[in-house]
Amino acid sequence: MTDFHTYYKQYVSWFNDQLNACPIPENPSDLYDPIRYAFHAGGKRIRPALLAAMADSYGISRECSRYPAMAVEMIHLFSLIHDDIMDSDNLRHGKPAIHVQWNINTGILSGDALFTLAFQTIQKSNLTIQNAILPVFTQSVLHVCEGQSYDLSFESSEAVRIDDYLQMIELKTGRLLSGAAQIGALLGNAVTEEIQIIEAVILATGRAFQLQDDLLELTSNPENMGKSLGSDLIEKKKTFLLLTAYSLCKEKERSLLDSMLTRDYISKHGISRIRDFFESLGAVRKTEERIKQEVDRAYQLAGKLADPQEKLIRSFTSFIMNRTK
């Protein structure tokens with residue numbers, strides 16, 4: 001078993017070919033063309049690669065893990081289609097989001113169809129594999145929906161705590177990521193103790209990944225990120241960064257921050273002034289410190305695994321945290 005970065009480079013092109021070869025009906029075109037668009041629009045394919053790499057570490061070929069990996073990626077794409085609608089994000093992977101390229105109703109319906117295709121795809125695995133992985137798969141999907149529900153409810157709440165936010169991102173981001181890793185291990189007949197350690201490691205990595213994603217929206221640019229920047233700030237979405245910034249504000253600073261988090265202000269000044277303000281408060285530093293804590297926890301837990309799983313998990317965490325977009 002090679003490290004994750006090496007495996008990933010070899011895997012993604014092959015996986016994209018498998019995904020693009022997935023038999024999608026031609027009609028109705030308004031339902032299925034957006035799904036083909038989602039498949040071809042790009043994406044890092046981290047979740048299917050993690051699933052396949054984990055299975056490979058137990059001696060299971062990528063061909064044997066193909067359908068579960070495709071199903072996990074389909075669920076991820078389904079969640080992005082609906083998230084973009086709910087969050088009014090117009091870009092995804094540097095291209096118009098599906099609800100922009102078509103319309104909102106088409107986006108909702110195509111997302112629903114993609115959700116269904118994910119379950120059809122996992123049923124292409126043999127019955128033994130299905131029985132082993134379906135409980136983790138279905139629970140991961142439900143967690144994604146729970147996380148998005150919390151995320152939406154936070155927008156209208158002024159009582160969101162940092163711990164609430166961390167729970168939300170664990171559900172929305174971490175659980176599908178950890179579910180992918182667990183499914184890969186289940187394909188290799190891993191024992192329960194191994195599954196539990198893998199779950200905990202990837203949840204810590206997932207939290208760090210999402211915190212970094214929040215930070216990159218402030219410090220990156222649209223070309224790197226491939227999506228609209230500043231949209232979370234305009235919506236005052238409760239991120240670790242924003243909640244930390246508010247916790248560090250005095251009364252006048254809070255009023256100033258409120259005045260900055262508007263579409264007009266960001267359209268006029270961009271997000272650089274907000275970034276500078278967050279840095280002056282110390283919110284960026286505290287977010288970076290929390291990211292490091294989660295990564296350190298992931299490495300510590302990974303040490304409880306035997307090789308080659310320990311090497312894989314460590315290299316995965318390193319890979320995912322070295323991203324700039």
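This report covers charged pairs, buried polar residues, one helix face, cysteines and backbone features in a predicted model.

## Salt bridges

The model has 18 salt bridges. Side chains of opposite charge can pair when their charged atoms come close. Three of the pairs are described here.

R36 pairs with D33, with the closest N and O atoms 3.1 Å apart. Both residues sit in helix α2. They are three residues apart, about one turn of the helix. D33 is partly exposed, at 30% relative accessible area.

The side chains of E199 and R175 form a salt bridge at 2.5 Å, N to O. E199 belongs to helix α9 (residues 192-219) and R175 to helix α8 (residues 162-187), so the pair ties together parts 24 residues apart in sequence. E199 is partly exposed, with 22% relative accessibility. R175 is buried, at 17%.

## A shared network

E294 forms a salt bridge with R207; the closest N and O atoms are 3.1 Å apart. This pair links distant parts of the chain. E294 is in helix α16, R207 is in helix α9, and 87 residues separate them. Both partners are shielded: E294 is buried at 4% relative accessible area, and R207 is buried at 12%.

Salt bridges with shared partners join E170, R175, E199, R207, R290 and E294 into one network.

## A buried lysine without a salt bridge

K238 lies in the loop between α11 (231-234) and α12 (240-248). K238 is buried, yet has no salt bridge. The nearest side chain of opposite charge is E158, 4.6 Å away. The cut-off for a salt bridge is 4 Å, so a distance of 4.6 Å does not qualify.

What does the side chain of K238 reach? One partner is the backbone oxygen of S157, at 3.0 Å. The backbone oxygen of F154 also lies 2.7 Å from a polar atom of the K238 side chain. Leaving out residues up to four places away in sequence, K238 touches F154, E155, S157, V160, Y165 and L243.

## Buried polar residues in helices

Q130 lies in helix α7 (residues 127-154). Q130 is buried, with 12% relative accessible area. The side chain of Q130 reaches the backbone oxygen of S125 at 2.8 Å. Not counting residues up to four places away in sequence, Q130 touches I122, Q123, S125 and P135. The C-alpha atoms of Q130 and L187 are 9.7 Å apart, with their positions 57 residues apart along the chain.

T106 is in helix α6 (residues 104-122). T106 is also buried, at 11% relative accessible area. Setting aside neighbours within four places in sequence, T106 contacts D30 and P34.

## One face of α15

In helix α15 (residues 272-281), the residues I274, F277, F278 and L281 are buried. Viewed down the axis of α15, the buried residues fall within an arc of 100 degrees, so they line one face of the helix. G282 follows α15 and has a positive phi, near 95 degrees.

## Cysteines

The disulfide count is zero. C22 is in no disulfide. The nearest cysteine sulfur to C22 belongs to C64, 18 Å away. C22 is buried, at 9% relative accessibility. C249 is buried too, with 16% relative accessible area.

## Backbone features

Which peptide bond at P28 is cis? The bond from N27 to P28 is, with omega near 0 degrees. P28 lies in the loop between α1 (4-20) and α2 (29-40). A cis peptide bond also joins D307 and P308, with omega about 5 degrees. P308 is in the loop between α16 (283-302) and α17 (309-321).

S88 is a residue other than glycine with a positive phi, near 55 degrees. S88 sits in the loop between α4 (66-87) and β1 (91-92). S88 is partly exposed, at 46% relative accessible area. H93, also not a glycine, has a positive phi near 55 degrees. H93 lies in the loop between β1 and β2 (95-96). At 26% relative accessibility, H93 is partly exposed.

Note on methods. Residues are numbered from 1 along each chain as its sequence is written. This is a predicted model: local features need pLDDT of at least 70, side-chain atom pairs count only at pLDDT 80 or more; totals for chains, interfaces and linings use all residues. Side-chain values use heavy atoms; hydrogens and water are left out. Helices (H or I, at least four residues) and strands (E, at least two) are DSSP runs, numbered from the N terminus. Buried means under 20% relative accessible area, exposed over 50%, partly exposed in between (1.4 Å probe, protein chains only). Lys and Arg count as positive and Asp and Glu as negative; His and the chain ends are not counted. A polar contact is a pair of N or O atoms within 3.5 Å; within protein, one must be able to donate a hydrogen and the other to accept it, and residues adjacent in sequence count only if both atoms are side-chain atoms. Contact means heavy atoms within 4.5 Å. The arc is that of the directions from the helix axis to the C-beta atoms. A disulfide is a pair of cysteine sulfur atoms within 2.5 Å.
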